[in-house]
Structure formats: structure tokens, C-alpha cells
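Fire up your viewer and load the model. We'll hop from one selection to the next, with a few words at each stop about what is there.

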Amino acid sequence: MSAPTIRGSSRSPFLYFFYLLSFLYLSFSVSAATPPDAPSVILIQNATVLTVSHGKIEHGSVLIKDGKIAEVGQSIKAPAGAQVIDASGEFVIPGIIDCHSHIAAESINEGSVSVSSMVTMEEVLDPDDIDIYRDLAGGVTSANILHGSANSIGGQTLVIKLRWGQPASKLPFEGAMPGIKFALGENPKRSNFSLPGQPRRYPSTRMGVEETIRGAFSEARDYKKAWDDYNKRVAAGEKNLIPPRRDLKLEPLVEVLEGKRYVHSHCYREDEILMLLRVAKEFGFKVRTFQHVLEGYKVADELAAEGVGASTFSDWWAYKVEAYDAIPYNAALMTRRGVIVSINSDSAEEATHLNQEAAKSMKYGGLSHDEALKMVTLNPAIQLGIDKRVGTIDVGKDADLAIYNHDPLSAYAVVQKTLIDGRVYFDREKDIANRAEVEKEKKALTEKLKKAEKKPEERKPEEKKPEEKPKPPAPTPTPTAAGASQGGAL
Amino acid sequence: MSQVRTLRPILCFLSLLCFLYLLGVSAAQAQSQPSVYAITHAKIFTLAGSPIEDGTLVIRDGKIAAVGSSVEVPAGAQVIDAKGLQVYPGLFDALTQMGLSEIGAVSATVDTTETGNYNPDVVAATAVSPSSEHIPVTRASGITEVLAVPASGGFDSGGGRGTLGGQASAIHLAGWTIDEMLIKKSAAMVLNFPEIQTTTFDFSTFSRKEKPYTEAKQEYDRQINELTDWMDRARHYAQAMEKGSVSQYDRDLKLEALVPVVRGELPVLVFADRARDIRNAVEFCDRQKLKMILAGGEEAYKLKDLLRSKDVPVILRPMLSLPEDEDDPYDRELSQPAELAAAGVKFAIASFDNSFARRLGQNAANAVAYGLPYDQALRAVTINPAQIFGLGSHLGTLEQGKIANLMVTNGDPLELTTDVKYLFIKGQLTSTENKHHRLYEKYLNRPKAQ
């Protein structure tokens with residue numbers, strides 16, 4: 001959880017009504033969000049190719065066949081029928097991978113309990129979230145969608161590809177290891193969120209956070225043992241056994257114990273980082289990544305020794321006490337001590353310029369261009385266990401690529417195209433060309449609305465019907481526009 | 001290669017330390033020891049004419065004494081050979097909570113927003129903490145002066161910001177006391193312009209709350225009437241002051257603070273983002289004959305002609321932000337500066353923050369990436385804010401007689417990887433060392449864990 005933004009919290013009822021209209025309109029037309037074509041062969045040529053795995057290729061080409069990278073080299077001849085992308089003067093990099101994102105989710109905080117491992121992001125995926133497209137326009141191709149940080153043990157996480165226009169079922173990154181969010185420190189102890197007059201929820205100290213996690217894993221271990229015993233006896237041929245009762249909260253924790261689910265733990269301070277490493281050792285599981293980990297630089301050796309990844313911010317600090325020792329040198333210091341480090345966003349906006357955020361590690365701590373670029377490509381891929389598929393430009397990998405007009409580690413670089421599985425999901429030129437059309441559509445809808453507003457009594461009978469069922473009668477008579485705003489909020 | 005890269009910042013830092021040592025002054029002592037500096041062989045971007053190749057800039061008694069290609073180095077000057085380096089005016093962050101807020105989530109460290117709706121008499125400078133860790137962190141990125149603005153939001157505002165929020169102060173980012181830091185105690189009056197709010201965010205339940213439009217409109221009208229009443233009373237108070245009859249009126253500190261506002265002497269820094277609110281604000285200020293500066297302006301592009309014709313300058317939020325509406329172009333905020341510039345609207349780019357103030361240059365560079373001419377981006381973070389707050393003859397460019405707030409860099413000050421090699425504030429060589437640097441040094445040297 002980062003600083004919440006409340007700008008734009010005031011929306012006119014007019015706009016809500018407009019949203020409702022656009023929603024209705026979009027559900028009947030398929031204008032905006034259709035997935036792009038999938039040409040079987042694409043050749044990107046004349047580009048500076050930053051492979052991340054094997055250096056830079058000037059005037060290079062990348063050949064894509066059936067969504068995979070088929071060839072990378074200096075000059076590749078376009079096969080017959082290939083779609084050619086001339087990227088003269090442009091830079092091609094592996095698609096950016098955001099190891100900490102909350103886009104494409106209807107909700108992210110089941111904040112009522114401190115162990116909410118039963119809930120999962122997969123069930124609340126929202127493929128129409130505009131932030132998918134905006135992040136795509138920032139070169140992001142994959143993202144780790146996490147539960148919030150209100151809980152010591154939060155919900156189940158999911159790696160997605162930003163396949164804008166595809167249904168929710170097509171977003172998950174096939175075969176990626178499932179994960180679970182943990183959180184330590186101020187957020188799970190609800191330091192900054194207590195409500196006057198309400199009792200504080202346990203845990204409210206870092207001591208309690210440790211015990212909450214230990215308690216949950218003690219239960220999970222017992223639960224696992226019950227199932228192991230049962231399965232053993234079934235295997236031994238015993239009949240008429242009653243299986244243990246299924247526990248949806250403990251199942252994902254058993255998967256953690258069995259190494260089938262990654263732990264991504266939100267944290268800030270050095271002490272809580274070491275705490276979780278001790279607990280993990282006690283119960284015999286691994287922490288895959290520490291998220292934010294703003295004091296990771298203080299315990300970089302300990303992180304490296306455990307082989308835990310660190311996914312951090314570039315330069316956020318001072319928004320709360322546990323972020324007061326945060327320094328922009330964090331990524332570089334951890335990298336120098338052998339930790340695999342990624343730079344993440346935790347924000348739909350920050351994700352649109354992760355390339356720039358990675359670049360800051362060259363200024364703060366002197367990482368090389370290659371090391372910096374890795375922090376938003378290969379390193380997060382490693383952390384998410386998807387590096388065999390994505391993260392570098394190598395033959396056989398998914399054709400997930402971002403094309404910039406300048407060196408991507410510059411504040412002047414703008415994404416021109418973003419490809420996923422060899423499909424151009426974002427094309428700046430097309431986006432700009434399409435704007436007049438969108439504007440026209442908006443105008444038409446606005447006209448429609450104005451007409452509708454002029455004759456409220458005429459449109460009532462049509463619109464009342466579908467709204468009547470789910471809604472209790474409004475407490476006070478409201479004008480039509482305000483009534484519509486409630487509909488829009490649904 | 002990589003080892004050299006690691007060592008580079010340390011070496012720079014060490015050499016800076018040695019340099020300071022050799023001069024026999026610490027940066028802090030330098031505050032009280034005016035001296036003469038000459039920066040030689042630098043490429044100087046004065047922002048008042050074309051860049052000077054191999055130029056010399058002389059600083060004397062806190063001011064720029066001379067700048068040019070054939071300037072003589074005065075006898076006894078401390079010489080900085082800046083061969084291969086560049087000189088720029090220091091950056092001016094036109095909207096921050098600098099010194100007013102240390103740790104956003106800890107209210108005890110936050111003095112940004114006073115209770116109540118009408119506090120025109122409170123002054124930012126009063127609460128600016130010269131020891132804030134944010135100050136050295138921010139100036140390390142070449143930001144030499146800022147506007148500290150009360151009631152200007154941020155994580156810590158808790159939602160409510162009041163209507164008349166108090167007076168913003170322009171400060172240098174160096175000085176032992178606020179008096180040493182002060183550029184202009186009262187640079188603008190904050191007005192959070194009332195909005196027709198049908199939706200509000202309730203921090204206690206972390207959820208949105210809805211209100212019918214008519215109710216919201218009534219509430220808005222009530223606020224506008226109240227605000228108008230304040231202005232009327234301030235005008236009467238001003239008349240009473242002119243006639244010397246304030247004593248009969250009883251001294252009223254709030255009305256007294258509004259007198260320069262209604263006289264049009266002190267600009268009003270009006271926060272508004274949505275087109276409707278901006279239009280309402282411009283009309284209100286026009287009616288009231290107030291000197292308006294728009295702050296925020298996310299939809300300023302929709303009213304660019306109005307803003308241009310009324311000569312209303314804009315302090316823009318960071319362009320690194322998402323558009324307000326779903327159907328806005330994804331780069332709506334990024335391309336706005338280019339659009340405003342083309343329409344002739346004067347604007348500055350600001351951080352609207354503390355801990356993100358060091359992203360000021362990054363934001364300006366992103367505006368360039370989306371079409372703003374480079375020189376205009378540079379002006380939007382130097383001379384433009386200075387001019388907007390009436391400080392254009394003292395700051396913002398490298399010209400003779402101006403306050404010597406400037407930086408010597410190894411490249412484009414807006415680019416992510418550029419380092420500030422030397423920083424001058426009020427003509428004093430000022431340390432770029434800070435909390436982040438100290439922690440870096442400390443943990444860089446942590447012995448390998450057993």
C-alpha cells in the first residue's frame with residue numbers, strides 16, 4: 001500500500017451518467033478493446049537491440065514466429081509474408097516486468113482478518129481496467145498482481161500478461177508459479193489506519209505479526225500432517241476413511257511448505273526482514289521475494305545468503321516512519337552484495353515509467369546500463385520464476401518486447417510499440433490516430449445524454465426496469481442524473 | 001569497469017570533501033563567510049540568451065557579479081575549473097510542503113494544514129523546519145529554492161484542506177535559520193477553490209461517499225457566498241485601514257492578511273484541476289479582481305484560451321500522473337505542457353510534494369519527451385516560477401546582479417543520470433551531502449556478514 005491518491009475523487013453526476021452510457025454502449029459494440037491480430041511472422045529491423053542476456057546489437061533484427069522469438073541478429077532477411085516493423089533509430093528491449101502491481105483487480109484488500117490466504121486475485125481479475133492499457137503503453141508486458149498489505153498473510157497472487165482486449169481467462173501467465181502476499185510492519189499492524197472508537201485488530205505490533213505468521217504455519221503444518229497421514233493410509237489400502245476437512249485458508253500455506261507457491265512479502269525495516277527469514281527457516285519454507293524492502297540494503301548479505309529476491313522502489317521515502325531510512329541507493333547496494341533486485345511500481349502510474357526508475361540506480365550507486373535494465377526485465381522474471389519464458393531477447397522466448405524511440409534508460413524515451421506473444425498490443429502511432437474517433441464517439445454519447453436529460457419523463461419507463469430489482473428505493477427523491485450516478489457506481 | 005563505476009560517486013564525494021577542506025570552510029560555515037568564486041571553462045546555460053561555451057561566472061557577496069566568455073577572474077577568487085561541466089540556474093520547485101512535513105504518516109511531524117476553513121493569516125515560513133532532512137536531499141538534485149505551501153495536500157492532508165489555506169513562502173534550500181532561508185515570506189495566498197463535490201473520499205472508512213448533485217451544488221454555492229463575504233469584508237477593512245479607522249473596527253488579523261489580496265498585490269494560488277472548477281475559479285478571481293495563479297490544472301488544456309486571455313499562469317502538477325478520465329488519451333498529462341506552451345499559457349512545473357521533489361527534473365524531461373521544447377521545459381522549472389511569484393529579477397536565470405543560486409553539472413540537469421557536482425545557494429558553495437548519502441556510505445562499508 002502506498003500513498004493513496006484522492007485527486008479526482010469528485011466526479012459530477014453527469015460524468016457518472018456518461019460512464020453508465022459508455023458502459024452500455026461498449027457492451028454492445030466492440031470498438032475499443034479488441035485484441036490485436038496475431039501475424040504468424042514479424043520482423044523488427046534496424047533497431048538497437050538490448051538483449052539483456054548477451055549485450056547490445058546495433059542495427060539489429062528480431063524475428064518473431066508464432067509468438068516466439070525465432071532469431072536475433074545483425075541482419076535477418078524478412079521471410080516471405082512477414083510483417084516488417086522498421087525500427088530505425090529505435091531501441092528494442094524485453095518487455096518490462098512489474099513485480100508488484102495492483103492493476104486489473106476489482107479489489108485488493110480483504111482487511112478484516114490478519115490471515116486472508118483463502119482469497120485470491122484470480123477471482124477478481126478485471127480485464128477492462130484501463131490501467132492495463134496505460135501500463136502497456138509504458139512497455140510493461142507482465143505483472144505480478146498482489147493482494148494488499150493489510151494482513152500478515154494476505155491473499156493469493158497471480159502473474160498476468162497485459163493482454164489488453166482479452167477476457168480475464170486469457171490474462172494469467174500460463175504456467176507461472178502461484179504466489180501469496182505476506183506483509184510485515186506498519187500496514188499489517190494497522191499503525192496508520194486505526195479508527196477512533198474501534199478496538200485495534202490483532203496484531204498491532206511487529207511481535208504480533210511474527211506470532212500471527214508462526215501460528216498460521218503451525219496450523220498449516222498440522223493440517224498437512226493430517227492429509228499426509230490420510231493419504232498414506234489410503235495408499236496402504238485402508239478403506240472407509242474419513243478425509244480431513246478441507247481448509248481453504250491453510251491449503252495455500254501447505255503449498256508454501258511444499259514449495260509449490262511463492263511467498264512475496266511486503267516489508268520495510270531490517271528487523272522484520274530477518275524475522276521472516278527466521279520464521280521461514282523454523283517452518284522450512286522459502287521466501288521468494290521481499291517487496292519494497294526499503295531497508296534491504298542494511299541486511300543485503302543476509303538476503304543474499306538466503307537467495308531471496310528483493311523488489312524495491314527507486315526513490316520513494318519518508319511517507320511513513322518505516323520508509324524514513326529508505327534511500328535511492330538501495331537497489332545498487334543490494335545488487336553489489338549479490339541480491340537479485342528488481343524495481344517495481346506498486347502503482348499503475350509508476351509502472352508507466354519503470355524504465356526511468358531503473359535508470360536511477362546508475363546515478364545512485366553506479367550500476368551499469370545492463371545491470372539497471374535487468375532490474376525491470378530479467379531480474380523480476382527470475383523472481384517470478386518465468387525467466388525461461390521472458391525477461392531477455394533470446395531465441396525461443398516469448399516475443400514480449402517494448403520498442404522505444406530513445407535509450408530506454410533516459411527520461412526522454414517514449415514507448416512506440418509493445419508486443420506480447422508476438423502481437424502488437426500497443427502502438428503509439430495507432431493510438432494517436434484513433435483519438436479523433438474516440439472523441440467523436442464521446443461527443444455522440446454526450447449528445448445522447450443531453451437529449452435524455454431534457455426529457456426525463458420519456459426515458460423513465462425504459463430505464464426503470466433493469467434498475468428496480470437490485471436497488472432499494474432511494475431515501476429521497478433525486479434528480480435523474482443523480483439517480484444514474486448510483487447506477488454508474490454499480 | 002564496474003568497480004570503477006562503483007567508486008565513481010565515492011570519489012566524487014571525497015574530492016568534494018577535500019575541496020571543501022582545502023578551502024578551509026565547511027558548507028555550513030560558508031553561510032556566514034561571503035567570498036568570491038569564479039567558475040571557469042564551463043558551458044554556461046544562462047537562460048537569458050544562448051549558452052556560453054568556455055565561459056566564466058563570477059560570484060561575489062551572494063550575487064552573480066559577472067558572466068560571459070571573456071570575464072576576468074578576480075584576484076583572490078576561489079576558482080572552480082569546470083572544464084567539461086555545465087552551469088545552470090538552480091531549479092525552483094514552485095509547489096512543495098518543504099520543511100512543513102517530515103514523515104507523511106506521522107501527524108506530529110506535519111504542519112501543512114491548519115484546522116478550519118479560513119486561515120489567511122497563517123504563514124508557511126513560521127513552521128518551516130530548517131533541519132528537515134528533506135532539504136539537503138532535495139537540493140542534491142539541483143533544486144536551490146522552493147515555494148513552501150500550506151494546505152496544499154499531500155499524503156498527510158487527511159482530506160480536508162480548508163478554503164483560504166494561508167500564505168506560501170519562497171525559501172532557499174540552505175540556511176541555519178528560516179530568516180537566512182527566506183526569499184519572500186508571503187509569496188501567495190492559498191485558495192483551495194470550492195468544488196461541486198458529489199463524491200468524497202472518507203479516510204476513516206477508506207471508501208467513497210456519494211451525495212446528490214443538488215445537495216453538492218447547494219454546498220458549493222454556500223462556500224462561494226462565504227468566500228465572497230470574506231473578500232467583501234477584507235475590502236471594507238482595507239478602506240478602514242486607509243482611513244486610519246481600523247482601531248474602531250478592532251484589529252482583525254485574518255482580514256488584515258487578506259488586504260494585500262483584495263488590493264491585487266498578493267497573488268492567489270488557486271487550487272483547481274477539473275475544467276469546471278478552473279473556469280469557476282477564473283471567473284471568481286476576475287469578478288473579485290484578484291491576481292490569480294492556477295495550481296494543479298490537470299485540465300488546464302481545456303481552458304487554455306481563457307487562461308491565456310486572462311493572463312493566468314499555471315503551476316502544473318507532475319506530468320508523471322495518470323489522466324483523470326478513462327477515455328482520456330493515456331499521455332494526457334504528459335502532453336499537456338506542450339499544448340499549453342503552444343497556446344502561449346505561462347506555466348511552471350512543480351512536484352506538489354516533499355519526498356518526490358527530486359523528481360522535478362524528471363517530470364520536466366518527460367514533458368519534453370511528449371513535445372515540449374527543451375528550453376521551455378528548463379524555463380518551467382527556473383525562470384517561470386520565479387517570474388510567476390514576482391521574483392524574476394532576483395532568480396531563475398544566470399544574469400549579473402541576480403542571486404547566485406546555481407549548479408554545476410556533468411550534463412543535462414533534467415536527465416535521470418546527471419550528477420550535480422557543485423551547488424551554490426545565495427552565492428555559497430553548498431554541500432550536496434544528505435541523509436541518503438550518509439546511509440549509503442555507512443552500509444557500503446558494512447563488513448561482510450558472518
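Before clicking anything, one convention: two strands pair if DSSP finds at least two bridges between them. Helices (H or I, at least four residues) and strands (E, at least two) are themselves DSSP runs, numbered from the N terminus.

Some housekeeping, too. This is a predicted model, in which local features need pLDDT of at least 70 and side-chain atom pairs count only at pLDDT 80 or more, while totals for chains, interfaces and linings use all residues. Residues are numbered from 1 along each chain as its sequence is written, and chains are lettered from A and ligands numbered from 1 in the order in which they are written.

**Stop 1: the sheet in chain B**

Select strand 7 (residues 143-148) and strand 8 of chain B: they run antiparallel, with four bridges joining them. To see one pairing up close, pick Ala148(B), whose bridge partner in strand 8 is Ser169(B).

Is strand 8 of chain B mostly covered or mostly open? Covered: nine of the nine residues in strand 8 (164-172) of chain B are buried. A residue is buried if 20 or more other C-beta atoms lie within 10 Å of its own, exposed if 12 or fewer, and partly exposed in between, with C-beta atoms placed from the backbone.

Now add strand 9 (residues 182-192) of chain B, which is antiparallel to strand 8 of chain B and tied to that strand by six bridges. Label Gly166(B) and look across to its bridge partner in strand 9, Val190(B). Val190(B) also stands opposite Leu269(B) in strand 12 of chain B. Here the direction is parallel, with four bridges between strand 9 and strand 12 (residues 268-272) of chain B.

Zoom out, and these strands belong to an open sheet of eight in chain B, ordered 6-7-8-9-12-13-14-15, with mixed pairing. Strand 6 (91-96) and strand 15 (347-349) of chain B are at the edges with a single partner strand each, so one side of each has no neighbour in the sheet. From one strand to the next, the twist averages 25 degrees. Next, show helix 9 (residues 275-288) of chain B, which packs on the sheet and touches strand 12 and strand 13 (292-296) of chain B. The direction of helix 9 makes about 155 degrees with that of strand 12 of chain B. Axes here are lines fitted to C-alpha atoms, for helices over the stretch in contact, and angles run from 0 to 180 degrees between N-to-C directions.

**Stop 2: helix 11 of chain B**

Select residues 332-342 of chain B. This is helix 11, mostly covered, with nine of its eleven residues buried. Among the buried ones are Arg332(B), Glu333(B), Pro337(B) and Leu340(B). What does the covering? The cover includes helix 10 (304-309), strand 14 (314-316), strand 15, helix 12 (360-369) and helix 13 (374-380) of chain B. Contact means that the C-beta atoms of two residues, placed from the backbone, lie within 7 Å. After helix 11 of chain B comes Gly344(B), with a positive phi near 80 degrees.

**Stop 3: two helix crossings**

Stay in chain B for helix 6 (residues 213-242) and helix 8 (residues 253-262), whose axes come within 8 Å and cross at roughly 90 degrees. Helix 6 and helix 8 of chain B are therefore roughly perpendicular (65 to 115 degrees; under 35 is roughly parallel, over 145 roughly antiparallel, and the rest oblique). Residues making the contact include Trp230(B) and Tyr237(B) of helix 6 and Leu255(B) and Val262(B) of helix 8 of chain B.

Switch to chain A and select helix 3 (residues 206-235) and helix 5 (residues 270-283): their axes come within 11 Å and cross at roughly 20 degrees. That is why helix 3 and helix 5 of chain A count as roughly parallel. Where they meet, helix 3 residues including Ile213(A) and Phe217(A) face helix 5 residues including Met275(A) and Val279(A).

**Stop 4: Asp131(A)**

Finish in helix 2 (residues 130-136) of chain A, the place of Asp131(A). Asp131(A) counts as buried because it has 23 C-beta neighbours inside 10 Å. Leaving out residues up to four places away in sequence, Asp131(A) touches Ile103(A) and Ala348(A). Draw a C-alpha to C-alpha distance to Thr352(A): 9.3 Å in space, with the two positions 221 residues apart in sequence numbering.
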